[in-house]
Structure formats: structure tokens, C-alpha cells
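Biologist: Before I rely on any label attached to this structure, I should like to see the reasoning behind it. Could we take the labels in turn?

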Amino acid sequence: MTHTPLKLHFNDVHKRFGRRPGLIGVNIQLIGGEGTVLTGPNGAGKTTLLRILAGLEKPDRGSVDMGLGATRWRRCYSDLRTSILYLHQHPYMFDGSVSSNLAYAISDKHNRCLCQQRISEALKWAGLTAIADNHAKTISGGERQRVALARAWLREPRALLLDEPTANLDPEARTRTLELLFRLKESGIALLIASHDPHHFASLADKHLQLTQGVLAEEFSETSNVTPFRRTHP
Amino acid sequence: MKGNINNGLKKTDRLIIKMAPDLLCLYIYIAFQHLQFMHSTLHRKQIQTLLFSLLIMITLPAAAEDNSITEPLIRLATTTSTENSGLLNHLLPVFHSASGYKVHVIAVGTGKALRMGKDGDVDVVLVHAPEAEASFVDAGYGDHRHAVMYNDFVVVGPVNDPAKIGSAANITAVMKRLAAAQSLFISRGDDSGTHKKENQLWKTAGIKADNSWLREAGQGMGKVLQIATELDAYTLTDRGTWLAYRDKSTLKILFEGDEALHNPYSIIAVSARRYPDINRTGALALIKWIRSKEAQQLIGDYRIDETPLFTPSANSDQIAASQESADNYR
Amino acid sequence: METLGNATSNALFLLISGDAELWQIVAISFQVSITAILIATPPALLTAFVLAYGRFPGRRVLISLFSTLLSIPAVVIGLTFYLLLSRQGPLGDWRLLFTQTAMILGQIALSFPILVAMGHSALQSADRRAWETALTLGANPLRAVSTVMWEVRFGLLAALLAAFGRIVAEVGASMMLGGNILNYTRNIPTAIALETSKGEFAQGIALGIVLLTLSFTLNALFYHLRGGGQPA
């Protein structure tokens, strides 16, 4: 893809849940083509952080630097939403066929032929061609994950935030998901993956972060002795 | 001038009622615009053409038939007795073809009808409560009060007549016997002309009605006759409604013919001084027509099962005699 | 006296013989109620959506307010609008009393709380991820709203049917605001009330049959759509 390499800085992000501090002064960067794995115990605020970065939730405090200096959060919701895509742990499928779900991600629908062509490319890219006309609510978890990734591929965001993308997937589905993620990363998209199982994403991870009780820290351990995903299932 | 306002507003009314199909098409169109991803197999152009032709199909006939209801309109508030007896359905089509006026009939009790006249919500009223009418006119709410017709009230009740009113000499005696026997009596209780009459009769007989045997229904005459039939009770009714309802009831007329049971109907135009933009011309046209020979003939000829319901009385119009001089004086 | 069976057979005869007056009443009824529901639906559903997805103070109060309004008697609505639209009332200059527009206004007021309350619960049952996914996939808010509504379309359709069912069968407001004028504001319920008071039970039953048939058809259609549209 032809984007200039992305560099996004989020500075000093704070968020409280009622009385409990959720996020305390989190600083995080998203860099095009770089994969970051975010770990942390349950309830540490991983999901909240991702949702804040994607412009779905409002932080109590914090600023964004999209390369033009720090901006207040309120001003950049729509920018965040266009350049950053958040995928739910269980991606939502709209009522309709798989291909109509993909069509939703195409913003410019004026050219029908082009639109169809893009959909079939996306189907091929994600290996969904065989189930293109299946009802999207009936497909398996792995297929859902791939539909979501195909939507992301069509949408061409500059950063992709994933919440436990491989949880509850069988090994084969996990492999295929990781493969797609790898290709997205290759194309220059920044990946931020929140997961309990960081070793699944070893081949994607350029950086490991740990979120503990709202505080973000970089982590270097455990990465070296994990094999890349391609070799886990020969 | 009055006509303009009226017609203009009628136009909005017509517009609103014709809106439905267009709105429907609009919604389908918007929904389609927003949800097109759901129908990736349908051709957008085709649907647009389809919707458009549908719109035309529904709108055109609606627009064409529009002319039929631009006729000037008169609103007549009247009592349930004239409407339920079918008399107005007999008269008004003739008036319509003679004058071109369409009459919207709102049938309520006399009290409510006069109230509507007071509020200027109707153009003309046709009611039967002489005293209330007089005070209505005196207070300046209406003018051109004219007698139209009369019939009379009758007392109906169960065939075996437990209160023995059949043999009473006059209506005062009837009321006294009813009270003495404490037989169930259904009262209109809705401030209608009949109810006013009934109250007056109780008063003349010096009886303070007691809820244990007098039940106030608060409904129209037909409904009250139904209730009386079901409960085998007595009630006071105008003869017109009774004749229309007779076949459906097991009651029978037990007392009739007293002078005090005379039931005159008059028509009154709502005051244009208070409400300058009501359909005054229409109201006067209706009043003039209903007193005409033709209309009076129609009223006299109207029968249910060979029994005449109303006696026309425009010719022996005593109210009008005093009224007209008053009108001239003003 | 007419018996039930007698009246019913007369009613069926009236229906089959295409009694013009009867069908005119049916047509008026539908025209008025359909217009009312079409006008009421978009603002009501938007209100429902804001109540389901918005976060603002007073939201809960509004929700319970609309639920309370569900049980408001039709005559109270009728009386309120009567006083508003009567010439003596604040909106008297519009001269709308005893017109179809007045009936439509009354029916809008009647259907609005039903649409909001039932629409709200339908929309609340929608998956919040639908809204978020639509937004992240680049839908503008309007499109995201219609997407979420499409996802719960059966719930919303049920709300629509319930509201339509209420207003098409409602006497009080129509009688007061329309005045039961023949060929103009006499709709099915006011005609039933009138015919019953006149003792013409056959007419009343015939109109009742029309109402029943209508609601049966709508419900059958609804369940058919629902069955066909949502494979397990």
C-alpha cells in the first residue's frame, strides 16, 4: 500500500471506571508495519485502551499526535475512526450474506462493477470465496474472524487493533487468522494485538507491552523461546 | 373571505391525508439507500424505477379525485335523535344536490351541540331544548333560530307495566307513579335535550330522583333504549328514535300524548359576530332550505314502517316570528 | 332482537355484497391510521434510538415517562387535542377540529409512546457491536442508525404492528377529534360504536370482522417474514 509510514503517538491517556482507576498515564505509539502485542491480566484495561485508541470511547484525559502536533481528543474522533480499525473479540456479522458484510466496508459504492470486483478480491484474499453467499450469522468463529479481517482489508486502515483475535479458535483457524494478520502487517498496517497468549503472535510481534493495573510497561521476556507460528503446525 | 380560509385549510387536510403513499415510497427509498449492501444482488436502477413508477401510480389517481371534495362545507352539530332516526340521511343529499353544499354532521347530545356552537366549532346547530336554545340565542352565541319540526316524547317500559303508568291521567302523574313504585328508570344523564326534558318533568312532579331506581346511563338515546330493554326498565324517549329502535326492543309505549311531552326541534345559526370566518352563508342557506316547502314536505313524508317520525313546523313558526323582529331590531 | 348468529350472518352478507358505505368506512380508517403511523414512525424510532444508545442525564426519566404514556387512555388524548384544536383553544386558528387531520394528530400522539417504548426495548436488545462495527467500517451516523435498526427490524416491526393495532381500533380520540362524520371521519371503531348504539349489530360485527382479518393478516405476514428472514 502506498501510505506514508504511519506514526501515531498517544500521550498520557487517563480513564477511570467509577472510582477505580482504569488507565493511568498511558503512552503508546503505533507505527506502520510494526506489530505490538499487549498482554495483561483480566480487567487490566486492555479492551478499554484499544477502544479509546479507536475513537469508540472517550478518555478522561490525553492527547493524540498524528504527526501534526498534539491534538485534543474531541477534535480527532473521526480521524481516529478513519485511520484506526478496532476488531471486537467476537466480530459482529451484519444480517446478510458474507459478501454483503464485505460490501459494508466499501465506502464508495457508486461503481457497481468495481464494487463487485473488490468484494471478490477480498473473498479470495481471505479464502472465503466458497462461503460468499452463506448467511453471515451462521458461519464459524474462524470464518467470522476472517470476514472481519477481509472487511479491514477492504477498509484499508492505517492501524488495526485486535482484541483476543485467536481466543476460542481451533489451531487451524488460528493459523489462517495469523496468516492474514501477517499479510496485513506486511502491507504497512500497524497492528496492536491484545492477548492472553502472546506466544501465538511471536512472528508478528516487534514489541511486547504489558498493562498491569492501568500502567503500561514494555516487556522483553519470553519472546525469544517461542517459535514462529508457521512452524507450530507442520 | 371566509370561504378562502376554510378552503385553504381544507386543502392542508386533503394534502395530509394523501401523504401516506408518498411517505411510504420515500421511506422505502431511504431505507434502500442506507441498506443497499443488504441487497447486493438487486440492481439499484431497477429498484429506483420501480419505486418511482409506484409513486406515480399512487399519487396520480389521488390528485385526480381531489376535485371532488373542494365543495363548500357546512358543519352541523345535531342531536343523536335526528341522525340515528335516519332523517338527515334522507334530507341532506337533496340539499347537497340543490345547493352544492356538503354537510358534515356531528351527532352528539343537545348540550354538547350547543357547546360546540358556543365555541364556534360548527356553523349551525339543530337541537331540541327550547330553554337552552333561548339562552344560547340571548347570550349572543347564535341567531336565526327557527322551528323546523316537532315530534313528541313517549314513556316506554316493560309490557307488564309494574308502575301502572298506562292508566295515568297526565305526565306528572306518570312521574309520581314511577317514583312511588320505584321501578327501574334509565335516564340519559348526558345533558341532551331528552335529559333536560326528563329533569324538567321530575321537577314539575316535585320528585327528587333517587339513585336506587334511577340509573343515569350517560349515553345516546339508542344505547339507553338498549339498556332499558335489557334491564326491563322504563325510560323517556323521543318518538323518532323509538320508532327506529322499536323492532329491536321488547318494551312498548306506555304513555304518550301529553301536552308537556311536545318536542320541538329548531335550527340556529352560530353567531357570525363572534366568529366572523365561520360558514355563515352556508348556514343561512341550510336554514332557508330546511324551512322551504320542499324540505318540509320531505320531513313530513319521512317514515319508518309507515309511521311518520316528525311533523314539519316551519309554517307555524312562533319562535321565528319573535326572532325575526328581534333580528330586524338589531 | 338479533341473535349473535343472526347478526354474524348478516355481517358476512354485508361484507361479501360489497356494501359501499361499509367499505368507505374501512378505507377511511386505513387511510387515517396508515398516515398517522407513517408520520409518527421516523421521529419515534429516532427518539427510541437516542434513548437506547445515548448517554445523557434524564434518559431514564424519559424512558419511564414513555412507558407511562403507554397506558394513557385514548379519550384523554382525544380531550387534550380537542381542547387544543377547538376554536377556543390555542391552536383553534388552524380550524382542524372534526377533520381527518385532527384524527391523524390524535393517532400520532397515541402511537408515539408505543413506538418509542417498544422500539427502545428492541434497539436495546440489539448488539452494541453492530453500532460500533458500522461506525468503524466508515458508516456515517445516519447509516449506522439504519444499520442497527435493520438488525432488529423484527422487533421494530412488532412495535409498528402494535402501534397500528392500537390506533386503528381506538374509539375515544377518533370520536372526539373526528366527530364521526359520515364519509369523512367515520372510521371502523367509531362506526362500530355508532351502529351498536343504533342497534345495528350486523354492521358492527361486519366492521369487527374487517379489523380482525386485518390484524390476523398483518400478524401472519409478520411471522412469515420473521421465519423466512432469520434462519437459525
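Modeller: What follows sets computed values for a predicted model against the rules that name them.

Biologist: What makes D277(B) and R95(C) a salt bridge?

Modeller: The rule asks for a side-chain nitrogen of Lys or Arg within 4 Å of a carboxyl oxygen of Asp or Glu. Between D277(B) and R95(C) the N to O distance is 2.6 Å, so the pair satisfies that cut-off.

Biologist: Why is the pair of R87(C) and D277(B) said to join two chains?

Modeller: R87(C) belongs to the loop between α4 (74–85) and α5 (100–125) of chain C, and D277(B) to the loop between β9 and α12 of chain B, so the bridge runs from one chain to the other. The closest N and O atoms of R87(C) and D277(B) are 2.8 Å apart. Both R87(C) and D277(B) are buried. A network of salt bridges links D277(B), R87(C), D93(C) and R95(C).

Biologist: How many salt bridges are counted between chain B and chain C?

Modeller: The count is 4 for chain B and chain C, and 22 over all chains.

Biologist: Why are D143(B) and R280(B) called buried?

Modeller: Buried means under 20% relative accessible area. D143(B) has 5% and R280(B) has 13%, so each meets the definition. Their side chains form a salt bridge with an N to O distance of 3.0 Å. That pair links distant parts of the chain, with D143(B) in strand β4 (residues 142–157) and R280(B) in helix α12 (residues 280–290) of chain B, 137 residues apart.

Biologist: What places R239(B) and E256(B) in separate accessibility classes?

Modeller: R239(B), at 18%, counts as buried. E256(B), at 42%, is partly exposed, because that class lies between 20% and 50%. R239(B) and E256(B) nevertheless form a salt bridge, their closest N and O atoms being 2.5 Å apart.

Biologist: How do you know that chain B and chain C share an interface, and which helix of chain B gives the most to it?

Modeller: Contact requires heavy atoms within 4.5 Å, and 41 residues of chain B are in contact with 40 residues of chain C. The two chains bury about 3,600 Å² between them, 57% of it on carbon and sulfur atoms. Across this interface the rule finds 12 residue pairs in polar contact. On the side of chain B that touches chain C, α2(B) gives the most, with 7 residues. The residues of that side divide into 18 nonpolar, 9 polar and 14 charged.

Note on methods:
Residues are numbered from 1 along each chain as its sequence is written. Chains are lettered from A and ligands numbered from 1 in the order in which they are written. This is a predicted model: local features need pLDDT of at least 70, side-chain atom pairs count only at pLDDT 80 or more; totals for chains, interfaces and linings use all residues. Side-chain values use heavy atoms; hydrogens and water are left out. Buried area is the accessible area (1.4 Å probe) that two parts lose on being put together, summed over both. A polar contact is a pair of N or O atoms within 3.5 Å; within protein, one must be able to donate a hydrogen and the other to accept it, and residues adjacent in sequence count only if both atoms are side-chain atoms. Helices (H or I, at least four residues) and strands (E, at least two) are DSSP runs, numbered from the N terminus. Ala, Val, Leu, Ile, Met, Phe, Trp, Tyr, Cys and Pro count as nonpolar, Asp, Glu, Lys and Arg as charged, and the others, Gly among them, as polar. Buried means under 20% relative accessible area, exposed over 50%, partly exposed in between (1.4 Å probe, protein chains only).
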